[in-house]
Every structure is written in C-alpha cells, then in structure tokens.
Amino acid sequence: MSPHAGLDPVRDPVHDPVRGLIGTWRGPGRGEYPTIESFEYTEELTVTETGKPFLAYAQRTWSSAGRPMHVETGYLRVPGDGTIEFILAQPTGQTELAEGTLTAGPEGFSAELRSRVVNSATAKPVAATERTLRLIGDELTVTFAMAAAGQPMTHHLRSVLTRQPPVGSTQDSLPGGPA
C-alpha cells in the first residue's frame with residue numbers, strides 16, 4: 001500500500017484552470033475521415049493529479065461490440081497563463097506534442113491545441129493533429145482532426161463525455177462499457 005493512500009493529492013495551483021478535468025469521463029463518439037468508413041465508438045478518458053506541475057492522462061475507445069479500438073496516454077501541462085500543452089504517446093507509433101491556448105470560464109474551460117507528430121518507422125504517417133477540449137460543468141466535448149494518408153487537416157473524431165462517479169460508488173459503469 002502506498003504511504004500516501006487516503007491522503008489528498010498535492011494540489012498544484014498551476015492546474016486551477018483545468019482542475020475540473022480531473023476524474024473519469026465516458027460517452028459516445030463518432031469518427032469519419034475521407035479514407036475510411038464512418039464509425040461510432042465509446043470513449044473513456046481519465047485525468048489524475050500527480051503531485052507535480054502536470055496531470056496524467058489516459059484515453060481508450062471501444063466499439064459498440066466492446067472491441068478495443070484506440071488507446072493513448074500522456075501528460076497535460078499548463079505552463080503559463082492562457083497556454084496548455086499535451087504530450088501524448090500512442091501504441092500505433094506516434095508521439096504528439098500539442099500546444100495551444102486555454103480559455104477559462106466560470107463553469108469550465110476551452111482549449112485549442114495543434115501538434116507536431118513524430119512517427120516511428122513502421123507507423124502510418126500522421127503529419128499533424130488538432131484537438132479541442134471544451135468543459136462545461138460535467139460535460140466534456142472533444143474534437144480531433146488530423147493531416148494523414150495524403151489528406152490535408154480534416155475532422156476525424158468528436159465525442160461528448162460526462163463525468164463518471166468515483167470508483168467504488170454504486171454507479172461504477174455505464175451500459176455499453178467494457179466488461
């Protein structure tokens with residue numbers, strides 16, 4: 001057992017503009033791109049405090065049949081007033097350094113991020129990505145666009161996620177989630 005079990009995590013004030021993002025979020029999404037058939041999915045994303053000046057991020061998606069589709073992991077940083085960074089790794093062979101603007105509001109925030117992408121030698125090449133995060137209360141809307149497969153920057157994904165109850169509550173999962 002961790003020596004810190006049961007204690008409140010260290011609250012770094014740099015996270016104040018995005019503090020509402022901490023927790024687990026789940027909801028439906030839809031994907032499309034000129035080179036593939038449109039599809040629907042369920043997305044879950046978890047953001048946790050680390051005790052350092054960054055938040056940990058983990059994301060996964062699955063099909064309506066429960067088949068795993070995509071995962072990514074990384075860190076979220078708020079290095080200064082009005083700026084935000086996402087550092088992400090994907091098992092498909094890409095890493096992203098996404099940087100952008102952060103606008104805080106009374107009930108949440110919005111972030112617009114553009115990335116530089118590094119592809120492994122065996123990955124399908126992705127030239128760049130753009131992400132938006134919009135948090136209002138307990139609803140998080142995420143959009144994702146990419147320049148890949150010979151296509152210019154094009155919308156690819158949109159999901160609308162809701163905050164999930166803490167683990168151990170009587171509402172641990174939503175119907176349609178992984179078993």
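## Strands and overall make-up

Strands, as the term is used here, are DSSP runs of E with at least two residues, and they are numbered from the N terminus. In this predicted model, the secondary structure of the protein chain comes to ten strands and zero helices, and, read along the sequence, the chain follows the pattern β-β-β-β-β-β-β-β-β-β.

Of the 179 residues in the protein chain, 37% are buried. Where contacts in the chain with a separation of 6 or more are considered, residues 24 or more positions apart account for 38% of them.

## The largest pocket

The largest pocket has a volume of about 870 Å³, and its lining is made up of 33 residues, among which His70, Gln90, Phe144, Met146 and His156 lie nearest the centre. Several strands contribute to this lining, since at least two residues are supplied by each of β2 (36–52), β3 (54–62), β4 (68–80), β6 (94–105), β8 (126–136), β9 (139–148) and β10 (154–163). By residue class, the lining of the largest pocket divides into 17 nonpolar, ten polar and six charged residues.

His156, one of the residues nearest the centre of the largest pocket, is found in strand β10. Its relative accessibility is 10%, and because buried means under 20%, His156 counts as buried. Leaving aside neighbours within four places in sequence, His156 is in contact with Arg30, Gly31, Glu32, Tyr33, Ile36 and Phe39, and also with Phe144, Ala145 and Met146. Two of these contact partners, Phe144 and Met146, are themselves listed among the residues nearest the centre of the largest pocket.

## The second largest pocket

The second largest pocket has a volume of about 170 Å³ and is lined by ten residues, of which Thr24, Gln164, Pro165, Pro166 and Val167 lie nearest its centre. Strand β1 provides the largest share of this lining, namely three residues. The lining of the second largest pocket divides into three nonpolar, three polar and four charged residues.

Pro165 has its place in the segment after β10 and, at 25% relative accessibility, counts as partly exposed. Although Pro165 and Thr24 are 141 residues apart along the chain, their C-alpha atoms are separated by 7.8 Å, and both residues belong to the group nearest the centre of the second largest pocket.

## Tyr57 and the aromatic pair of Phe54 and Tyr75

A search of the whole structure finds three aromatic pairs. In one of them, the rings of Phe54 and Tyr75 have their centres 5.3 Å apart and their planes at 80 degrees, and the pair is therefore edge-to-face, the cut-off for that class being over 60 degrees. Phe54 lies in strand β3 and Tyr75 in strand β4, so the pair ties together parts that are 21 residues apart in sequence. Phe54 is partly exposed, with a relative accessible area of 26%, and Tyr75 also counts as partly exposed, at 41% relative accessibility.

Tyr57 likewise lies in strand β3, but Tyr57 is buried, with a relative accessible area of 6%. Not counting residues up to four places away in sequence, Tyr57 touches Leu45, Thr46 and Val47, then Glu72, Thr73, Gly74 and Tyr75, and further Phe86, Leu88 and Arg131. With Glu72 there is, in addition, a polar contact of 3.0 Å that joins the two side chains. The C-alpha atoms of Tyr57 and Ile87, which are 30 residues apart along the chain, are separated by 9.3 Å.

## Arg19 and Ala149

Arg19 is found in the segment before β1 (23–33). At 17% relative accessibility, Arg19 counts as buried, because the cut-off for that class is under 20%. The side chain of Arg19 makes a polar contact of 3.0 Å with the side chain of Glu49.

Ala149 is found in the loop between β9 and β10, where, with a relative accessible area of 53%, it is exposed. Most residues other than glycine have a negative phi. Ala149, although not a glycine, has a positive phi of about 50 degrees.

Methods
Residues are numbered from 1 along each chain as its sequence is written. This is a predicted model: local features need pLDDT of at least 70, side-chain atom pairs count only at pLDDT 80 or more; totals for chains, interfaces and linings use all residues. Side-chain values use heavy atoms; hydrogens and water are left out. Helices (H or I, at least four residues) and strands (E, at least two) are DSSP runs, numbered from the N terminus. Buried means under 20% relative accessible area, exposed over 50%, partly exposed in between (1.4 Å probe, protein chains only). A polar contact is a pair of N or O atoms within 3.5 Å; within protein, one must be able to donate a hydrogen and the other to accept it, and residues adjacent in sequence count only if both atoms are side-chain atoms. On a 1 Å grid over the protein atoms alone, a cavity is a set of points where a 1.4 Å probe fits but cannot get out, and a pocket is an open set with protein on both sides within 12 Å along at least five of seven lines; lining residues have an atom within 4 Å of a point. Grid points are joined across faces, edges and corners, and a volume is the space filled by probe spheres set on the points. Ala, Val, Leu, Ile, Met, Phe, Trp, Tyr, Cys and Pro count as nonpolar, Asp, Glu, Lys and Arg as charged, and the others, Gly among them, as polar. Rings of Phe, Tyr and Trp (its six-membered ring) pair if their centres lie within 6.5 Å; planes under 30 degrees apart count as stacked, over 60 as edge-to-face and the rest as tilted. Contact means heavy atoms within 4.5 Å.
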